[in-house]
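Work through the exercises below with the sequence and the model at hand. Try each task before reading its solution.

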Amino acid sequence: MMIALRSPQEAYARVDLDARISGADTRELLAVCYDQLVSGIGTALFAAERGDNALKSRSLTRALSAVTALQLGVTGEGGVADALRQFYDAARRAILDSAIRFDAETLRKVRQDIVDIA
């Protein structure tokens, strides 16, 4: 039982996420991905300040999952689709790089860019 190993906060967050995804339309799923990306990066920044490497790692993983879902959801060619692919790729690289060598300033910029787009 994976849920038994999580904190109560993580278990409730998972239930909330599952409820938001269940029956969501495309626009709502996009909003969920953006929320997960923004909160994942925000929590990773908080965890890094506190020296909580386990939480930082889980948060970066959540952010990476969200940006990957966003990348996979881009359809079409040229224009906005190409710009989104490029943006999501840069965000993904920043998250992956921070898993190896944490760069709070870059992650803050990526997070703000996501907030602006969302």
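Three exercises follow, each with a worked solution.

The model is predicted, so local features need pLDDT of at least 70 and side-chain atom pairs count only at pLDDT 80 or more, while totals for chains, interfaces and linings use all residues. Residues are numbered from 1 along each chain as its sequence is written, and side-chain values use heavy atoms, with hydrogens and water left out.

**Exercise 1.** Place L45 and S59 in their helices, and decide whether each is buried or exposed.

Solution. Start with the helices, which are DSSP runs of H or I with at least four residues, numbered from the N terminus. L45 sits in helix α2, residues 26-50. S59 belongs to helix α3, residues 53-72.

Next, take the accessible areas. Buried means under 20% relative accessible area, exposed over 50% and partly exposed in between, with a 1.4 Å probe and protein chains only. L45 has 9%, so L45 is buried. S59 has 2%, so S59 is buried.

Then look at the separation: the two residues are 14 apart in sequence and 8.9 Å apart in space, C-alpha to C-alpha.

Last, list contacts, meaning heavy atoms within 4.5 Å. Not counting residues up to four places away in sequence, L45 touches F102, A104, L107, R108 and R111. With neighbours within four places left aside, S59 contacts G40, T43 and A44.

**Exercise 2.** Describe how α2 and α5 are arranged.

Solution. Axes are lines fitted to C-alpha atoms, for helices over the stretch in contact, with angles from 0 to 180 degrees between N-to-C directions. The axes of α2 and α5 (residues 104-117) come within 10 Å and cross at roughly 155 degrees. Angles over 145 degrees count as roughly antiparallel; the two helices are therefore roughly antiparallel.

Now see which residues meet. On the α2 side they include L37, I41 and L45, and on the α5 side L107, R111 and I114.

**Exercise 3.** Which residues have the most contacts inside the largest nonpolar core, and which element gives the largest share?

Solution. A nonpolar core is a set of buried Ala, Val, Leu, Ile, Met, Phe, Trp, Tyr and Cys residues joined through side-chain atoms within 4.5 Å. The largest one has 22 residues, and L37, I41, Y88, I95 and I114 have the most contacts inside it. Two or more residues each come from α2, α3, α4 (79-100) and α5. The largest share, seven residues, is from α2.

Finally, follow I41: leaving aside neighbours within four places in sequence, I41 contacts A63, I95, L107, V110 and R111.

Technical notes: Parallel < 35°, antiparallel > 145°, perpendicular 65-115°, else oblique.
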